[in-house]
Amino acid sequence: MAVDKTMLDAMTSGYKFYLDDMKSKNITGQYYDEVERLYKRIEEIGQESADMNEMYAKMQNENITVKMSEAYTRALTEDGNKKYMPQNGEIPDDSQLFKNNIDALKNCIQSLRDNFDSLMEKATESGRMRLLVENNPEPLIKCIEDMIAVSEEPGMTYANFLRIQIERGLDKAAEGVTTRSFLEDIVECKKAFMVPEIEIKMWEEKLEEYKKVAANNKFNLVDLHEWEFISDRIDRKYKPELIKRERINDMFMEIVSDLAHWVISYCSYPPSEMMPWNVMPRDAAIADLTRIQKVTPGIVKEREKLLFRYFGLRLKDIVKDEYFLNDIKSNMIDDSQEYLEFLLLEVYPQCKPFNDASRELIDKQTSFYRGKKEVNPERKEPYLRMKRYYDSKFGEGYMVKSMKEQGLGDADKEEYESNAAPWNLESFLSHVDGKIAEPDLNETFVDNSASSKVEEATNTIKEKAGGLFSFFKR
């Protein structure tokens, strides 16, 4: 799924200004190539993301805005330095080089402001709120103005100007400010969203490592290229474990989802009341529900085998899974506590190949559905957390405006209708820990259903009839 094209075009057009501006100035070279690469990456992220919030998060995670701004600034500065260079091979005097450099810096300030104005003009209301915080060029402009101020000191020469800006770290100041603030924002965001602790730990380590390396530099910053290597090293340390834990949690939740679909498939209400079956022709809906009844138990057993083969885990170990427990604590889990206990303790033992759900199980599932007790009553809390965080960062009302602009409606007015009790992790663990079944993964199953017996008898008659026919033929 990709971000809506209209919104994506409006968002990327601001960044395209960088490319268009350099093309109009006939700027080429490594910095132009870097801006072009980053712009294409923004387009790729737009195609990969489900909405603007996910797109912004990925861009922030890859630090694209900072990198693009730095490459654009360097391109303009380099172009300004070249603009008045003699074409006949003569070496210009220092005063001319000095003037060229300052002119380039002043042009860069104007271009940054023009680009920001262009972004603001084309952005949506929530986009402007976000741009003012994340893309405001004034901190970078302040660094450039500090360099220009040095050039205006009495008796300043070009040689002294170059030396002083390097000695004071003025040429690198923007990098330190943007990278450090980016890391601080990420840590704050991860904590606000209540992501698993291992993810927070990774970003906290990045921030601490940045501070540690920066402390060895008198300007208290880390070179961007050096930081890329440091960040990559930390990623390599954590990413294998992150991927492993995400996959384990996915497999656990796939089994839980299969259990729910299996017991639901035996109930009378799905064909007329429940998506996706209530939008299918009735015959097709009943056929699909019958398919779920017959194949899901086998799928569950195969998922269990894979879970055990690759990770040495069984479904009972779900209560020790960090991601699963974090989903409960953060209300990211869709099911209510009592419904999940029902699936784990009552549905799971019956969900076996060639086995049908008991009448008691079907009646209890129907009771959950009719009583509106399947859904976590606090499922809206993750949205409210996100809303609180973004409103505090970008301004009151940001989240509601952003959701409406993406065609997602007013999430504040949406309610998760549920009569279930709120989750209590302590009581959940006391109810299920050590009580989830541990079936033999090598168990074989035999079809003892009535239809199977009829089919077996039919095959037997055919075999005997075939033998009798062979006798008469001889």
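In the predicted model, Glu 302 is partly exposed, with a relative accessibility of 45%, and its partner Lys 305 is likewise partly exposed, at 31%. The side chains of these two residues meet in a salt bridge, with a nitrogen-to-oxygen distance of 3.4 Å. Both Glu 302 and Lys 305 belong to helix 13, which spans residues 282-311, and they are separated by three positions, or about one turn of the helix. Because an α-helix has 3.6 residues a turn, residues three or four places apart point the same way.

A comparable arrangement is found in helix 11 (residues 224-264), where Asp 232 and Arg 236 lie four residues apart, again about one turn of the helix. Their side chains form a salt bridge with an N to O distance of 2.7 Å. Arg 236 counts as exposed, since its relative accessibility of 61% lies over the 50% cut-off, whereas Asp 232, with a relative accessible area of 33%, is partly exposed.

The pair formed by Arg 41 and Glu 48 has its closest N and O atoms 3.2 Å apart. Here Arg 41 is buried, because its relative accessibility of 18% falls under the 20% limit, while Glu 48 is partly exposed at 41%. Salt bridges also occur as a linked group, in that Arg 247, Glu 254, Asp 258 and Arg 303 are joined in a network. A search of the whole structure identifies 34 salt bridges. In general, side chains of opposite charge can pair when their charged atoms come close. Disulfides, by contrast, number zero in the structure; among the cysteines, Cys 143 is buried at 11% relative accessibility, and Cys 267 is buried at 7%.

With respect to overall architecture, the protein contains 20 helices and zero strands. Of its 474 residues, 44% are buried, and the protein exposes about 25600 Å², of which carbon and sulfur atoms supply 52%. When contacts with a separation of 6 or more are considered, 76% of them involve residues 24 or more positions apart.

Helix 14 (residues 322-329) is largely enclosed by the rest of the structure, because six of its eight residues are buried. The buried residues are Tyr 323, Phe 324, Leu 325, Asn 326, Asp 327 and Ile 328, and they pack against helix 10 (197-215), helix 11, helix 15 (337-350) and helix 19 (425-432). Helix 11 thus recurs in this description, as a packing partner of helix 14 and as the helix that carries the pair of Asp 232 and Arg 236. After helix 14 comes Asn 331, whose phi is positive, near 60°.

A further packing arrangement involves helix 6 (residues 125-134) and helix 17 (residues 381-394), whose axes come within 9 Å and cross at roughly 65°. On the side of helix 6, the contact is made by Met 129, Arg 130, Val 133 and Glu 134, which meet Tyr 390, Lys 393 and Phe 394 of helix 17. Classified by residue type, this contact of helix 6 with helix 17 comprises four nonpolar and three charged residues, with no polar residues.

Notes. Residues are numbered from 1 along each chain as its sequence is written. This is a predicted model: local features need pLDDT of at least 70, side-chain atom pairs count only at pLDDT 80 or more; totals for chains, interfaces and linings use all residues. Side-chain values use heavy atoms; hydrogens and water are left out. Axes are lines fitted to C-alpha atoms, for helices over the stretch in contact, and angles run from 0 to 180 degrees between N-to-C directions. Helices (H or I, at least four residues) and strands (E, at least two) are DSSP runs, numbered from the N terminus. Contact means heavy atoms within 4.5 Å. Ala, Val, Leu, Ile, Met, Phe, Trp, Tyr, Cys and Pro count as nonpolar, Asp, Glu, Lys and Arg as charged, and the others, Gly among them, as polar. A salt bridge is a side-chain nitrogen of Lys or Arg within 4 Å of a carboxyl oxygen of Asp or Glu. Buried means under 20% relative accessible area, exposed over 50%, partly exposed in between (1.4 Å probe, protein chains only). A disulfide is a pair of cysteine sulfur atoms within 2.5 Å. Accessible areas come from the Shrake-Rupley method with a 1.4 Å probe; for residues, only the protein chains shown count as cover.
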